[in-house]
Amino acid sequence: MKKIIFSFSFLLLGLISVTSQSFGVKAGYHNLIVSVEVDVPTGSESDSDGMSGFYVGVFGEFKISDKFFIQPEIQYARVSEDEFEINSLILPLLAKYYVVDKLSLQAGPLFDLILDRTGNLNSFGMGLAFGAAYDITDEFFVSSHYSAGLTNRTDDAIFVPELGTSVDVTTKFDVFQIGIGYRFN
């Protein structure tokens, strides 16, 4: 699966640079929010924790109309907390609509692939991203996105010796990003 995602990423990167009306680079703050819900015999318990880091990436813009664009992206993100670190490849595919001059709203699917060993977690996930961007100039812009995780990253029940039974665990990754970008026209 990782080979397929890497191949798709490089193909997408090539398509962005060759076929898009404009392309660019972006970077900024990346926050990964891990939400875990455990169903135990006495009920369910949940917890979430965030890890901070950065992201860098490239994007393309395909003009559909004067106000509507499709914006595929390829990003590398790294977050860490204490000595624990997660490196990811992120592929947002956003529809971008300019509601007023220079201000756009964006939404679409987001796919991610954890590049590190994941233990019991699935390395591939999907989310629904939405956000906004403001064009400071024709080249520079700021953007912010939030992605709600849709994929359960732990498929199998986990055996807990203290309880003497297996419990269902649901793990989802939400992502918040804020950054700055440069568009080559």
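The secondary structure of this protein consists of one helix and nine strands. The model is a predicted one. Along the sequence the helix comes before the strands, in the pattern α-β-β-β-β-β-β-β-β-β. Of the 185 residues in the protein, 37% are buried.

**Salt bridges**

Side chains of opposite charge can pair when their charged atoms come close. The count of salt bridges in this protein comes to seven. Three of them are set out below.

| Salt bridge | N to O distance |
|---|---|
| Glu 61 and Arg 183 | 2.9 Å |
| Asp 112 and Arg 153 | 3.0 Å |
| Asp 135 and Arg 183 | 3.3 Å |

Glu 61 and Arg 183 form a salt bridge at 2.9 Å. Glu 61 belongs to strand 2 and Arg 183 to strand 9, so this pair ties together parts that are 122 residues apart in sequence. Is Glu 61 buried or exposed? Its relative accessibility is 5%, and because buried means under 20%, Glu 61 counts as buried. Arg 183 is also buried, with a relative accessible area of 5%.

Asp 135 meets Arg 183 as well, in a salt bridge of 3.3 Å. Here the partners lie in strand 6 (residues 124-135) and strand 9, so the pair ties together parts 48 residues apart in sequence. Asp 135 and Arg 183 are both buried. Through shared partners, salt bridges join Glu 61, Lys 96, Asp 135 and Arg 183 into one network.

Asp 112 pairs with Arg 153, with the closest N and O atoms 3.0 Å apart. Asp 112 is in strand 5, while Arg 153 is in the loop between strand 7 and strand 8 (158-160), so the pair ties together parts 41 residues apart in sequence. Asp 112 is buried, with a relative accessible area of 12%, and Arg 153 is buried at 2%.

**Pockets**

Rolling a probe the size of a water molecule over the atoms shows where empty space is left. The largest pocket has a volume of about 340 Å³. Its lining is made by 17 residues, and those nearest its centre are Phe 69, Tyr 98, Asp 135, Asp 138 and Arg 183. Strand 2 (43-63) and strand 4 are the elements that give two or more residues to this lining. Strand 4 gives the most, with three residues. Which classes of residue form the lining of the largest pocket? It has three nonpolar, four polar and 10 charged residues.

The second largest pocket has a volume of about 230 Å³. It is lined by 16 residues, with Val 34, Phe 84, Ile 86, Leu 121 and Phe 173 closest to its centre. At least two lining residues come from each of strand 1 (22-40), strand 2, strand 4 and strand 9 (165-184). Strand 2 gives the most, with four residues. By class, this lining divides into eight nonpolar, three polar and five charged residues.

**A nonpolar surface patch**

On the surface there is a nonpolar patch of about 840 Å². Its residues are Tyr 97, Val 99, Val 100, Leu 103, Leu 105, Tyr 134, Ile 136, Phe 140, Val 142 and Ile 180. Two or more of these residues come from each of strand 4 (84-100), strand 5 (103-114) and strand 7 (140-149). Strand 4 gives the most to the patch, with three residues. Val 100 is found in strand 4, and at 45% relative accessibility Val 100 counts as partly exposed.

Conventions. Residues numbered from 1 in each chain as written. Predicted model: local features only at pLDDT ≥ 70, side-chain atom pairs only at ≥ 80, totals over all residues. Heavy atoms only, no water. Patch = residues over 30% accessible without salt bridge, like charges linked within 9 Å, V, L, I, M, F, W, Y side chains within 5 Å. Areas by Shrake-Rupley, 256 points an atom, 1.4 Å probe, with all protein chains shown as cover. Salt bridge = Lys/Arg side-chain N within 4 Å of Asp/Glu carboxyl O. Buried < 20%, exposed > 50% of the residue type's maximum accessible area, 1.4 Å probe, protein only. 1 Å grid on protein atoms, 1.4 Å probe; cavity = no way out; pocket = protein on both sides within 12 Å on 5 of 7 lines; lining within 4 Å. Points joined across faces, edges and corners; volume = space filled by probe spheres on them. Nonpolar A, V, L, I, M, F, W, Y, C, P; charged D, E, K, R; others polar.
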